[in-house]
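Visitor: Please take one part of this structure and look at it closely, then work outward from there. Start with the cysteines, and give the reasoning wherever there is some to give.

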Amino acid sequence: MSHEKDLDYLTISARIHAMENRLLNHERMERMIEARELSEAAKVLTECGYEDLGQVTAGGIEEMLSKAQTDLFHDLSSAVGNRALLDVFRCSYDYHNAKVLVKGEALGSNQESLLVGGGRYDPRRLAEDYSREDLRGCSDIFRRGVARARETLGATGDPQLSDFILDRAYFEELTAMARQADSKFLEGYVALTIDVANLRSCVRASRLNKGMDFLQQVLVTGGNVPARTLATARGDELAGLFRTSPLSQAAATGSALSAPGSGALTDFERQCDDAVMEYLGVGRRVAFGEQPIVGYLYARQAEMTAIRIILSGRMAGLDGDTIRQRLRRTYG
């Protein structure tokens with residue numbers, strides 16, 4: 001980006017760097033894990049700007065996080081002129097809601113309680129437009145993806161196939177929005193997330209003895225490693241394909257676990273997520289530009305995942321070490 005464009009981000013970058021101090025860092029996570037009572041663990045979140053949960057319930061946690069997500073995007077929408085920077089992170093909620101609506105229609109039941117906020121499209125309005133088969137207020141890629149998923153599920157009765165279609169549309173839209181944002185840093189993030197999705201698909205397919213035909217349905221284009229290359233690779237060849245990628249360690253672990261019955265994927269999954277966090281951690285070291293915004297938005301999503309892991313783990317009576325094993329690297 002040009003120097004002039006960088007200067008456009010001067011004010012919001014300074015604000016983002018100040019907001020980073022309230023993120024759920026390692027020290028706060030440890031306090032949540034070690035707190036004697038669940039209510040004490042939840043109170044740590046007030047230091048991060050979340051509302052006091054009071055009595056901690058699964059529904060209350062989701063309501064708190066949904067509100068925080070909606071408030072975050074509402075707050076930043078007036079400060080970030082480059083809308084695509086925000087929409088890349090809002091998009092996933094729209095596609096989650098699309099899957100809910102398509103499956104709900106196929107089941108003949110109302111699944112609207114599973115819809116979430118934080119996306120580009122208000123979930124209630126989206127549900128109404130979907131029922132009228134009128135998604136003119138949505139993007140072209142989103143509309144086409146929903147129409148194809150709806151048609152496929154109706155014809156085959158296979159919800160996995162409809163999910164594949166929506167996933168491909170999601171990554172196609174992410175790629176288009178990253179280009180629209182005119183940010184090489186954001187484009188690199190999107191390409192890396194596609195690599196992560198494809199690597200995970202390859203490892204899982206290998207463990208299930210699924211071959212090229214299956215992979216051609218699930219792999220998406222736009223990553224640093226071509227989908228056509230991955231579709232023909234054996235599980236034990238993945239490490240070589242990603243050896244110069246930020247995912248080199250994750251791919252090596254995935255290759256070692258690609259045979260059926262070769263062990264749990266916990267470390268592999270964590271290494272995939274940590275590679276993305278490491279890439280985006282660069283944003284925290286940039287004084288001003290789009291990088292701090294992109295990094296912070298991802299960090300907030302990762303933070304909400306960590307909150308779910310810790311509080312749900314505490315509610316389920318898991319010990320601290322088990323919870324720690326499920327957590328990812330923090331932003332920094």
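Guide: Cys 138 is buried, at a relative accessible area of 9%. The model is a predicted one. The cysteine sulfur closest to that of Cys 138 belongs to Cys 91, 11 Å away, which is too far for a bond. Cys 91 is itself buried, with a relative accessible area of 0%. For the sulfur of Cys 91, in turn, the closest cysteine sulfur is the one in Cys 138. A disulfide is a covalent bond between the sulfur atoms of two cysteines. The cut-off for that pairing is 2.5 Å between sulfur atoms, and a search of the whole structure finds 0 disulfides.

Buried residues also make up the nonpolar cores. In soluble globular proteins, nonpolar side chains tend to be buried together. Here the largest nonpolar core has 83 residues, and those with the most contacts inside it are Phe 89, Phe 142, Leu 186, Tyr 189 and Leu 199. Helix 6, residues 83-107, supplies the largest share of this core, 12 residues. Apart from it lies another core, of 24 residues, with Met 32, Cys 48, Ile 307 and Leu 327 among them. As for Phe 89, its contacts beyond neighbours within four places in sequence are Phe 73, Leu 186, Tyr 189, Val 294, Leu 297, Tyr 298 and Gln 301.

Leu 186 comes up again at Ser 183, whose side chain reaches the backbone nitrogen of Leu 186 at 3.0 Å. Ser 183 sits in the loop between helix 9 (159-180) and helix 10, and is buried, with a relative accessible area of 0%. Once neighbours within four places in sequence are set aside, Ser 183 is in contact with Ala 178 and Glu 290. Ser 183 and Glu 290 are 107 residues apart along the chain, yet their C-alpha atoms are separated by 7.4 Å.

The next residue to consider is Gln 291, which lies in helix 16. Gln 291 is buried, with a relative accessible area of 18%. Apart from neighbours within four places in sequence, Gln 291 is in contact with Phe 185, Gly 283 and Val 286.

Helix 16, residues 291-315, is also one of the elements against which the buried residues of helix 15 pack; the others are helix 10 (184-207) and helix 14 (248-256). Helix 15 has 15 residues and reaches 22 Å from its first C-alpha to its last, close to the 21 Å expected at 1.5 Å a residue. The buried residues of helix 15 include Phe 268, Cys 272, Ala 275, Val 276, Met 277 and Leu 280, and also the charged-type residues Glu 269, Asp 273 and Asp 274.

Side chains of opposite charge can pair when their charged atoms come close. In this model the count comes to 32 salt bridges. One of them joins Asp 267 to Arg 270, with the closest N and O atoms 3.0 Å apart. These two residues are 3 apart in helix 15 (residues 266-280), so they are separated by about one helical turn. An α-helix has 3.6 residues a turn, so residues three or four places apart point the same way. Asp 267 is partly exposed at a relative accessible area of 39%, and Arg 270 is partly exposed at 22%.

Helix 15 takes part in another salt bridge, between Glu 278 and Arg 329, where the closest N and O atoms are 3.2 Å apart. This pair links distant parts of the chain: Glu 278 is in helix 15, whereas Arg 329 is in the segment after helix 17 (320-326), 51 residues apart. Arg 329 is partly exposed, with a relative accessible area of 41%. Salt bridges that share partners also join Arg 200, Arg 204, Glu 269, Asp 273 and Arg 328 into one network. Elsewhere, Arg 234 pairs with Asp 236, the closest N and O atoms being 3.1 Å apart.

A last charged residue is Lys 67, placed in helix 5 (residues 58-77). Lys 67 counts as partly exposed, at 40% relative accessibility. The side chain of Lys 67 makes a polar contact with the side chain of Asp 71, at 2.8 Å. Lys 67 is 126 residues from Thr 193 in sequence, and 25 Å from it in space, C-alpha to C-alpha.

Definitions and conventions: Residues are numbered from 1 along each chain as its sequence is written. This is a predicted model: local features need pLDDT of at least 70, side-chain atom pairs count only at pLDDT 80 or more; totals for chains, interfaces and linings use all residues. Side-chain values use heavy atoms; hydrogens and water are left out. Buried means under 20% relative accessible area, exposed over 50%, partly exposed in between (1.4 Å probe, protein chains only). A salt bridge is a side-chain nitrogen of Lys or Arg within 4 Å of a carboxyl oxygen of Asp or Glu. Helices (H or I, at least four residues) and strands (E, at least two) are DSSP runs, numbered from the N terminus. The expected span of a helix is 1.5 Å times one less than its number of residues. Contact means heavy atoms within 4.5 Å. A polar contact is a pair of N or O atoms within 3.5 Å; within protein, one must be able to donate a hydrogen and the other to accept it, and residues adjacent in sequence count only if both atoms are side-chain atoms. A nonpolar core is a set of buried Ala, Val, Leu, Ile, Met, Phe, Trp, Tyr and Cys residues joined through side-chain atoms within 4.5 Å.
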